[in-house]
Amino acid sequence: MRKIKLIIAYDGRSFSGWQRQKKAASIQAALEQGLNVLTRENLTVHSAGRTDAGVHAEAMPVHFITSSAIPCQAFKKGLNSILPGAIRIVEADEMPGSFHARYDALGKVYHYYFSNSETMYPMRRYYCAHAPRVKNIEKMTSCLEILIGRHDFSCFEATGSRNFSSGRRGAIREIFSADIISYNKQLNEYRFEIYGQGFLRKMVRNIMGTLFMAGRNKLSLADFKEVLLAGDRKYAGPTAPACGLFLHKVYY
């Protein structure tokens, strides 16, 4: 038996998210169907995480176990000839039997793109959130210092993000760095970059929605800190649109 790791990139617009679902298209199901065609085995693919409907990935690591002798590069070429154009295999490597795409991950980087231009360029609407009233980027950047470190992020947690019966870590996560950079001055686009040990369901989008409130001068720096300390989702901002979010990199 062999353990193969794939790095996949995908456009999340046409999918209900990563996880396999009975009545909706998913990245996992498409990948497993492609592998079943290649190997004639009923394989299960395990990912480093689960992205929601409409969220994109530049480098999602996954693994599967197979008895097939197909070379790694043939997996890459073969799958790219079968999969829909919205999913592409970037790398394929054979790994030790102990490797696990999810449990061995040490940290993840997410990028979130938004534009505060009055008029949104139509070609960017699927990959960048439109936030025309978000003008105070300085205040948003100041709020980021509050996120750095080990905290209880319950305030940014969506329902169903963890198993309450078995998970002892709860909503405690560590954020290593966070920044907002001017990504495209011509289009007034910015990129929010956040690197952490791990993330709760919709945590990045909920952080972004709360930062948008600060950027509209609806929250002060002290207010943002109080949201984090309160540990209650009702005090945070709305969930930012999925279109701007990309899983950028996973570290092992």
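# Reading the core, helix 4 and a small cavity

Guide: The largest nonpolar core has 70 residues, and those with the most contacts inside it are L6, I8, L31, F114, F156 and F192. Eight residues of this core, its largest share, come from helix 4 (residues 203-215). This is a predicted model, in which local features need pLDDT of at least 70 and side-chain atom pairs count only at pLDDT 80 or more, while totals for chains, interfaces and linings use all residues. Residues are numbered from 1 along each chain as its sequence is written, and side-chain values use heavy atoms, with hydrogens and water left out.

Visitor: What is a nonpolar core, and which residues is I8 in contact with?

Guide: In soluble globular proteins, nonpolar side chains tend to be buried together. A nonpolar core here is a set of buried Ala, Val, Leu, Ile, Met, Phe, Trp, Tyr and Cys residues joined through side-chain atoms within 4.5 Å; buried means under 20% relative accessible area, exposed over 50%, and partly exposed in between, with a 1.4 Å probe and protein chains only. With contact taken as heavy atoms within 4.5 Å, and leaving aside neighbours within four places in sequence, I8 is in contact with W18, I27, L31, A57, E58, A59, M60, V62, R88, I89 and V90.

Visitor: How many residues of helix 4 are buried, and what span should helix 4 have?

Guide: Helices (H or I, at least four residues) and strands (E, at least two) are DSSP runs, numbered from the N terminus. The expected span of a helix is 1.5 Å times one less than its number of residues; the 13 residues of helix 4 should therefore span 18 Å, which agrees with the 18 Å between its end C-alpha atoms. Since 13 of the 13 residues of helix 4 are buried, this helix is largely enclosed by the rest of the structure. Just after helix 4, N217 takes a positive phi of about 65°.

Visitor: What do M203 and N206 touch?

Guide: M203 is in helix 4 and is buried, with a relative accessible area of 1%. Not counting residues up to four places away in sequence, M203 touches F153, F156 and I175; M203 and E157 are 46 residues apart in sequence and 5.4 Å apart in space, C-alpha to C-alpha. N206, also placed in helix 4, counts as buried at 0% relative accessibility, and with the same exclusion its contacts are F156, E157, A158, R201, R233, G237, P238 and T239.

Visitor: Is R40 buried or exposed, and where does R40 lie?

Guide: R40 lies in the loop between helix 1 and strand 2 (46-47) and is exposed, with a relative accessible area of 79%. R40 has a positive phi of about 60° although it is not a glycine.

Visitor: How many cavities of 30 Å³ or more are there, and which residues line the largest cavity?

Guide: Rolling a probe the size of a water molecule over the atoms shows where empty space is left. On a 1 Å grid over the protein atoms alone, a cavity is a set of points where a 1.4 Å probe fits but cannot get out, and lining residues have an atom within 4 Å of a point. Grid points are joined across faces, edges and corners, and a volume is the space filled by probe spheres set on the points. By this rule there is one cavity of 30 Å³ or more, and about 30 Å³ of space lies in the largest cavity. Its lining consists of S115, S117, T119, M120, Y121, R124, L187 and E189.

Definitions and conventions
On a 1 Å grid over the protein atoms alone, a cavity is a set of points where a 1.4 Å probe fits but cannot get out, and a pocket is an open set with protein on both sides within 12 Å along at least five of seven lines; lining residues have an atom within 4 Å of a point.
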